[in-house]
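Student: Could you take me slowly through a single helix of this protein, and then through what surrounds it? I would like each term explained as it comes up.

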Amino acid sequence: LPQVVIIGRPNVGKSTLWNRLVGKKLALVDDQPGVTRDRRFGDAELLGMKFQIVDTAGWEDDDPASLPGRMRAQTEAALVGAAMALFVIDSRAGLTPLDEEIARWLRGQSVPVVLVANKAEGKAGDAGLYESFALGFGDPVALSAEHGEGVADLFEAMLPILDPLQPEEEIAEEDDGEERPLGPLKLAIVGRPNAGKSTLINRLLQEDRLLTGPEAGITRDSITIDWHWTDPRTDEPRAVKLIDTAGMRKRARVIDKLERMAVADARHAVDFAEVVVLLLDATLGLEHQDLKIAAHAVEEGRALIIAINKWDVAAEPSSLFNGIRAALDEGLAQVRGVPLVAVSARTGKGTDQLLQAAFDIRDQWNRRVPTAGLNRWFDDAMAANPPPAPGGKRIKLRYITQVGARPPRFVIFGTRLDELPESYRRYLVNGIRRELGFGAVPVRLMLRSAKN
Ligand code: GDP
């Protein structure tokens, strides 16, 4: 990870900033100078950007008269191999001779510097903020490390320096940096009564562990079944945790009640699942109830696949397929292009394609795109179709970063974002899906205002 060194005179808030970036309440912080004694290292993450953060406060309790010299020794050591420095001043206190001394020394170093005017909550720091331009490090970032204000601006200032240094591959990477394979695929098969859920599960398991047919009479809550699917592409077994939502409730007598229970079961299954398969009945087509179940899975951020069952008895298969595709793109526009697979639970046709599609879409659901590539795409997308300019003033979108996966979540920083039309947001979401390898998984896009 790239190293970021925090530099500044005593009591400007270096430890508070360190804590905020590391996200732990480790260091002892109060308003007295000289509380922090050692140079500390921590792994930090700021809106998806990763780095190691170093606090250089070790020299603070020395004789003030010797501070510049002591600082030089400490900080010089810390700067070896550092990617950048955060030079922190106290914007409420204004500039002091020691700040200027540090600035002079830092200007002679070859490391990129971002100037941070801390304690700038509200307007309290305005005076020091303007003064600090004179230090010669460009625009200061107004920050309140204690209150968390200005974090987006700090991110924006650091991004151009750190972005090229970000680890390229971040898939399935956890805190310890070890790559971990994804666990068993958590798969739910949902659908209206008689769509063939139990039959399909039996077929997948290749055994009659579940009872099907109108006379089967067990009512119970949903269960999970651990199972291995053999991937025909590799011949490797892949672990699946199948969630079966009482396909067996079909014994209840009142059809109306059944329909409602199908939706309730589906909701329950969606809570557990990574990937939801909505099973349709080819002899009935896509109905309102199906769209409702599908929309719920998408709203919950799950990866969705539509399977058309009973393909063995489908009349006019190709027009049926195209009709359902069109109806889905219309009724489920949030996941345009959702995978659509024809299966027959009775004959087993299409079940391997279904499992393949399920593993593939889970990979997309887990996918992370490094910030550099993401912003290259973002710039191109804005060049091809610039954001609108209501009232003659263009809405400014500055950076995008992926802040999470499962489902993929993105944040865009910019100004006047409340005026950004929904159509433009959709343009960006569709671009992310189509051009960055997210397929048809639900993508969340948040907008955050950066100051000015
Ligand atoms: P569930 O309520 O969704 O669990 O539906 P079931 O699995 O109980 O199936 C309902 C009915 O559809 C049963 O009579 C099954 O035999 C029949 N069925 C299920 N899958 C298929 C299929 O692929 N083709 C045909 N022709 N019938 C099927």
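Tutor: In helix α10, the residues Leu354, Leu355, Ala357, Ala358, Ile361 and Trp365 are buried, where buried means that 20 or more other C-beta atoms, placed from the backbone, lie within 10 Å of a residue's own, while 12 or fewer make a residue exposed and anything in between makes it partly exposed. Seen down the axis of α10, these buried residues fall within an arc of 160 degrees, so they line one face of the helix; the arc is that of the directions from the helix axis to the C-beta atoms.

Before going on, please note that this is a predicted model, in which local features need pLDDT of at least 70 and side-chain atom pairs count only at pLDDT 80 or more, whereas totals for chains, interfaces and linings use all residues. Residues are numbered from 1 along each chain as its sequence is written.

Helices (H or I, at least four residues) and strands (E, at least two) are DSSP runs, numbered from the N terminus. Helix α10 covers residues 351–366, and at 1.5 Å a residue its 16 residues should span 22 Å, which agrees with the 23 Å between its end C-alpha atoms; the expected span is 1.5 Å times one less than the number of residues.

Two of the buried residues of α10, Leu354 and Ala358, are touched by valine 277, which also touches Leu187, Ala188, Ile189, Ile305 and Ala307, when residues up to four places away in sequence are not counted. Here a contact means that two C-beta atoms, placed from the backbone, lie within 7 Å. Val277 and Leu187 are the residues with the most contacts inside the largest nonpolar core, which has 103 residues, such a core being a set of buried Ala, Val, Leu, Ile, Met, Phe, Trp, Tyr and Cys residues joined through C-beta atoms within 7 Å. The largest share of this core, 7 residues, comes from helix α5 (residues 151–162). In soluble globular proteins, nonpolar side chains tend to be buried together.

At Thr351, we meet arginine 203, which is in contact with Thr351, Ala345 and Gly348, leaving aside its neighbours within four places in sequence. Arginine 203 is found in helix α6 (residues 197–205), and arginine 203 is partly exposed, with 19 other C-beta atoms within 10 Å. Although arginine 203 and arginine 346 are 143 residues apart in sequence, they are 7.3 Å apart in space, C-alpha to C-alpha.
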